[in-house]
Amino acid sequence: MIGVVGLGAVGSLFVYFLNRAGIVPRVVQRRRCPEYVFCAGGQCGGLRFTDVADLGDVEYTVVAVKAYDSASVVPLLRGVAVVAQNGIGGYEAIKERYPNSVPAVVTYGVYREGCRSELRGVGEIYLPRAAERLAEALREGGANVVVVDDIEPVRWLKLAVNAAINAVTGLLQGPNGVVVALPQARELASAVVGEVAKVAEALGVKIPKDPLEEVLRIAAATSKNISSTAQDLAKCRRTEIDYLNGTVVKYGEALGIDVPYNKALYLLVKAKEVLCAGRE
Ligand SMILES: NC(=O)C1=CN([C@@H]2O[C@H](COP(=O)(O)OP(=O)(O)OC[C@H]3O[C@@H](n4cnc5c(N)ncnc54)[C@H](OP(=O)(O)O)[C@@H]3O)[C@@H](O)[C@H]2O)C=CC1
Ligand SMILES: CC(C)(CO)C(=O)C(=O)O
């Protein structure tokens, strides 16, 4: 049996693939959706799940909450917690309190509005070997799953992508494509990625691909998407910036590495959150 905590964009993506594998997972929600519609490839359908308050005896708990909500899920965790989040710090907060946890990296793009999600970008789900049986179930449901021996390099590559795209598009209030189209945005993204690469190297993490090429590839592939940070700032919602550029600043300053571009973007997004406060 498999559990999911957080039935939002990513949580519904996991339920969608599990359903297609003939699995009806147990789901713990916060704001409840009695029914949840998932759309992919122009087809929409109701997700099948058992709404529970306690997951009971499950082999895996997929954690699909925003990084800043991580601590709130710890009492709910059962079996191996598979934490599917962007950025760095959310998984670590869970691991500290619930050691039987592993991170996952999701490069699919899913747009959620209320109790409905739409698959907007096909990507991959990266999982460590400890989540092998979850990987098999998701593959059975048609997901592109990559099982890796070491997921940290993949997490840092995704962090570079988010550090370079999210804050820039959030502050410009433009689609991801501005990072490729506008020379100013592209130069900024390149500087941000350079700092992330330096911090990763100092931590002994070998980023598996050229991070700037990956940023430009993803920005082009999701050029019409509005990044989660841009969506959050547009709606005056809290962002995950503390776990994106904020993490680069935290590690950079601890290691004595200058990260001025990440710091500037981090401070600007935090300032925007303050300006927004109370206008949600
Ligand atoms: N959306 C995407 O395309 C992608 C997102 N990600 C990452 O995945 C993570 C999840 O993001 P996303 O799915 O977009 O976010 P959403 O806000 O769409 O979904 C998060 C869900 O978790 C619920 N939740 C929060 N705390 C709890 C709790 N304690 N118990 C039960 N449910 C809870 C929220 O409830 P409520 O509805 O009440 O707020 C919400 O439904 C983030 O780190 C994000 O950056 C990674 C790749 C792609
Ligand atoms: C990769 C990217 C930028 C796609 O929009 C994303 O993960 C996000 O919006 O948070």
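Which residue has a backbone N or O atom 3.4 Å from an oxygen atom of ligand 1? The close-ups below, drawn from a predicted model, take up this contact and its surroundings.

**View 1. Backbone contacts to ligand 1 involve Ala84 and Val110.** The residue asked about is Ala84: a backbone N or O atom there lies 3.4 Å from a ligand oxygen. At Val110, a polar backbone atom is 2.8 Å from an oxygen atom of ligand 1.

**View 2. The side chain of Glu240 contacts ligand 1.** Here an N or O atom of the Glu240 side chain sits 2.5 Å from a ligand oxygen. The protein covers 88% of the accessible area of ligand 1. That area is 900 Å² for the ligand on its own.

**View 3. A shell of 27 residues surrounds ligand 1.** Val10, Arg30, Ser72, Val110 and Glu240 come nearest. By class, the shell holds 13 nonpolar residues, seven polar and seven charged.

**View 4. Helices and a strand contribute to the shell around ligand 1.** Three elements give two or more residues each: α1 (9–20), α2 (70–73) and β9 (109–113). Strand β9 supplies the largest share, three residues.

**View 5. Residues 150–273 carry a domain annotation from UniProt.** The unreviewed entry labels this stretch "Ketopantoate reductase C-terminal". In the model, residues 150–273 are 71% helix and 0% strand. The C-alpha atoms at the two ends of the stretch are 34 Å apart.

Terms used:
Residues numbered from 1 in each chain as written. Chains lettered and ligands numbered in written order. Predicted model: local features only at pLDDT ≥ 70, side-chain atom pairs only at ≥ 80, totals over all residues. Heavy atoms only, no water. Near = heavy atom within 4 Å. Polar contact = N/O pair within 3.5 Å; in protein donor to acceptor, adjacent residues only side chain to side chain. Areas by Shrake-Rupley, 256 points an atom, 1.4 Å probe, with all protein chains shown as cover. Helix = DSSP H or I, 4+ residues; strand = E, 2+ residues; numbered from the N terminus. Nonpolar A, V, L, I, M, F, W, Y, C, P; charged D, E, K, R; others polar. UniProt positions renumbered as here; feature names shortened; annotations may be inferred.
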